[in-house]
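User: I would like to learn how to read strands, salt bridges and surface charge in a model. Can you take me through them one by one?

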Amino acid sequence: MRLTETADVWWKNAVVYCLDIETFFDTDGDGRGDIRGLSQRIDHLAELGVTCLWLMPFYPTPDRDDGYDITDFYGVDPRLGTHGDLVELITLAKDRGIRVIADLVVNHTSDQHPWFQSARASRQSPYRDWYVWRDQPPENASEGIVFPDQETSLWQYDEQAGQYYLHRFYKHQPDLDITNPEVRDEIIRVIGFWLQLGISGFRVDAVPFLLDTDGALDPEHLPDPHDYLRDLRAFLSRRSGQAVLLGEVNLPYKETRQFFGDEDGDELTMCFDFIGMQKMYLSLAQQDPAELVKAIRERPAPPEEAQWGTFVRNHDELTLDKLTEDEKQEVFAAFGPDESMQLYGRGLRRRLPPMLGNDQARLRMVYSLLFSLPGTPVLFYGEEIGMGENLAAEGRNAVRSPMQWTNSVNGGFSTADAAELAAPVVTGDLSPEHVNVAAQRRDPDSLLNWIKLLIQRYRETPELSWGDCTVLEHESPSVFAHLTECEGGTVVTAHNFSDQPATVTLAVAGAGVGVRAVDLLQPLEADVTEDGTLQLELEPYGCRWLRILHPGDRYIL
C-alpha cells in the first residue's frame with residue numbers, strides 16, 4: 001500500500017479548524033456559546049471540508065485567561081455543557097469524518113485549582129511539590145516574561161505559602177513542576193482520560209515552557225526533558241495509534257526540529273511553522289516572496305510520518321518575534337500602523353481581511369498559498385468568511401469575537417443582549433451585516449466558496465501534503481512558484497504577491513511531447529513546451545494550481 005492510501009497518518013493531509021466553543025454558537029440565550037451549539041453547527045464544518053476540529057480549552061475555569069487558567073483538567077465547564085454533550089459532539093463529528101482534538105494546557109494551573117489551594121496551605125501538602133517554590137526569587141526573575149504589560153517578574157510571593165512560586169505566564173497561573181514524577185504521571189492520566197472519551201489527540205500548549213526545568217533546584221542532574229515528551233508520545237501511541245500531538249513550539253527551525261524527535265518521529269506528531277508564517281507576512285508587506293522562499297528552503301524536513309502545521313492566523317496575537325526589528329516595523333507599517341493594533345510590541349492583534357483592506361483578490365491568493373504550501377493547513381474559526389477583529393476588546397481577545405452566522409442581531413450567534421455576550425461582535429465594514437455565513441453560502445463568488453474549493457482540491461491532491469517540494473526559479477521577483485512530486489504525480493503552483501500582473505516561465509517537466517498542464521482551480525489548460533517549460537500569465541495577486549500530465553496519465557481531474 002502506498003503511504004497516500006492509508007488513514008494511519010491522517011494528519012499528513014488533514015484540514016484543521018480551531019474554535020472557541022464559547023464564541024461559536026449559543027443555544028440557550030445566555031450570551032455564551034455552548035457544546036450543543038457547536039453540535040448544531042457541525043455540518044458547517046463538514047460542508048467546508050474540515051477533517052480535524054481543534055477545541056480551545058473547555059475545562060472549568062475562572063476565565064481570567066480565556067479558559068487557559070484551568071481548575072479541573074478532567075472537567076467540562078458547566079457554562080459550556082457536560083461530558084455527555086462533549087461525547088455527543090465527538091460522535092457527531094466522527095459520523096462526518098471529523099476527528100476532534102483538545103487543547104492540552106498542563107504547563108500551569110489556575111491559582112484556584114484545588115492542587116494549588118492545597119499546596120499554598122501547607123508545606124506538608126501532598127501537592128506542595130507539584131509547583132515550583134523558592135524562599136527568594138533568582139536574580140534573573142524578570143527575564144523571559146511572556147506578558148510584559150501585565151507582569152514584572154516570573155516569581156510571585158504568596159502570603160499564605162510564605163514563599164515565591166514560578167509563573168511563566170500570568171501570576172494567577174502557577175507553573176507545575178514537570179521534574180516531579182507525580183506531576184508527569186498525572187499528565188499521563190489526563191491524556192488517557194480524554195482519549196477514552198474519544199478525543200483524537202491534543203494541541204500541546206507552550207511546549208518549550210512545559211519542558212522547561214530552569215526552576216528546578218538542581219537542573220544539571222535532571223534527565224533530558226525530551227525523554228518526557230517521548231514518554232507522552234509512547235503512551236499516546238499505545239492508547240490510540242492514530243492520535244496526534246500538535247505542538248506550539250515558537251523557536252528557530254533548528255530547535256523546533258528537535259521537538260519532532262529522531263528520524264522515526266517519536267516526540268511531537270506535528271509542529272506549527274511559526275517562522276514560515278512570519279516570513280509570509282513580511283513577504284506580503286514587501287510584495288515580494290523572497291523571504292518566504294528563504295524560509296521554505298531553510299525549513300528542515302520533518303520525520304516521514306510527521307508534519308508541519310501551516311497557518312495564516314491563530315487564536316493569539318500574530319507574533320512577529322522571529323523577525324528583525326526593522327522587518328517587524330515594516331510589517332507593522334503595512335498591516336498595523338496604529339499602536340492599538342499591536343500587542344507587546346511583538347505582534348498584531350488583527351485578522352487578515354482588515355490588514356489587507358479586505359482586498360478579495362489578495363485574500364484569495366493568501367489562502368491559496370496556505371493550502372498549497374507543504375504542510376497541514378490550520379484555520380481559525382471565521383477565516384472561511386473573512387471575519388475581522390474588534391479592537392475594542394482587550395489584548396488577544398480582539399480576534400476572538402463571536403462567529404458571524406447571519407446578518408441578524410449578534411450575527412446570529414446569540415439571542416442575548418449585546419452586553420451579555422462572551423465577547424463583543426465585530427463592527428464596521430466587516431460586521432455581520434456585511435460578512436456572514438448565510439450570505440456567503442448563497443454567493444458562488446464568496447470567500448467561503450473559494451475556501452471550500454481550495455479544501456476540496458487540496459484533499460484531492462496528495463502531492464501538496466505528501467510530496468517533495470522544490471521552489472522554482474524564474475524571471476519574476478513578485479511570484480512564488482513551487483513544484484511538488486509524489487508517487488509519480490506532479491503539481492505546480494504559482495502565486496503573485498504584487499498588485500501588478502506578472503509573467504513567468506517555469507521548468508515543470510522533462511523534455512517530451514504531449515505534456516499538458518491542467519488547472520485545478522478553474523477550467524483552463526495549457527501546453528508544456530517540448531523542453532518542459534510552461535509560461536503563465538498571472539493577474540495582480542493571481543494564483544494557479546496546475547497538474548502536469550504526460551501522455552497516458554490516468555488522473556481524474
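**Reading strands and charges**

Analyst: Start with a strand's two faces. This is a predicted model. Both faces of β17 are covered: G489, V491, T493 and H495 on one side are buried, and so are T490, V492, A494 and N496 on the other. In total, eight of the eight residues of β17 (489-496) are buried.

User: Which strands pair with β17, and in what sense?

Analyst: Look for bridges between strands. β16 (residues 479-486) pairs with β17 in the antiparallel sense over eight bridges. One of the partnerships is F480 with H495 of β17. Strand β22 (residues 543-549) also runs antiparallel to β17, joined by five bridges. There, V492 has L546 as its bridge partner.

User: What connects β16 and β17?

Analyst: Check the turn. The two strands form a hairpin with two residues between them. E487 in that turn has a positive phi of about 50°.

User: How do I read an edge strand? Which strands stand at the edges of the β4-β6-β5 sheet?

Analyst: Count partners. Three strands form this open, antiparallel sheet in the order β4-β6-β5. β4 (133-134) and β5 (155-158) each have a single partner strand, so one side of each lacks a neighbour in the sheet. β5 pairs with β6 (residues 163-166) over four bridges. Within that pairing, D158 is matched with Q163 of β6.

User: Now salt bridges. How many are there?

Analyst: The count comes to 34. For each one, ask what it links and how covered it is. R96 and D43 meet at 2.5 Å, N to O. R96 sits in the loop between α3 and β3, and D43 in helix α2, 53 residues apart. R96 is partly exposed, at 32% relative accessible area. D43 is also partly exposed, at 44%.

User: Are the partners E463 and R547 buried or exposed?

Analyst: E463 is buried because its relative accessible area is 1%, under the 20% cut-off. R547 is buried as well, at 3%. Their side chains meet at 2.6 Å, N to O. E463 lies in helix α16 and R547 in strand β22, so the pair ties together parts 84 residues apart in sequence.

User: Which residues join into one network through shared salt-bridge partners?

Analyst: D66, D316, E317, R346, R396 and R400 do. Within it, R346 and E317 come to 3.0 Å between their closest N and O atoms. Both are buried.

User: Last, surface charge. Which residues gather in a negative patch?

Analyst: D8, D262, D264, E304 and E305 do, on the surface. E304 lies in the loop between α10 and β10. E304 counts as exposed because its relative accessibility is 54%, over the 50% cut-off.

Methods:
Residues are numbered from 1 along each chain as its sequence is written. This is a predicted model: local features need pLDDT of at least 70, side-chain atom pairs count only at pLDDT 80 or more; totals for chains, interfaces and linings use all residues. Side-chain values use heavy atoms; hydrogens and water are left out. Patches are made of residues with over 30% relative accessible area and no salt bridge: like charges are joined within 9 Å, nonpolar side chains (Val, Leu, Ile, Met, Phe, Trp, Tyr) within 5 Å. Accessible areas come from the Shrake-Rupley method with a 1.4 Å probe; for residues, only the protein chains shown count as cover. A salt bridge is a side-chain nitrogen of Lys or Arg within 4 Å of a carboxyl oxygen of Asp or Glu. Lys and Arg count as positive and Asp and Glu as negative; His and the chain ends are not counted. The place of a charge is taken as NZ of Lys, CZ of Arg, CG of Asp or CD of Glu. Buried means under 20% relative accessible area, exposed over 50%, partly exposed in between (1.4 Å probe, protein chains only). Two strands pair if DSSP finds at least two bridges between them.
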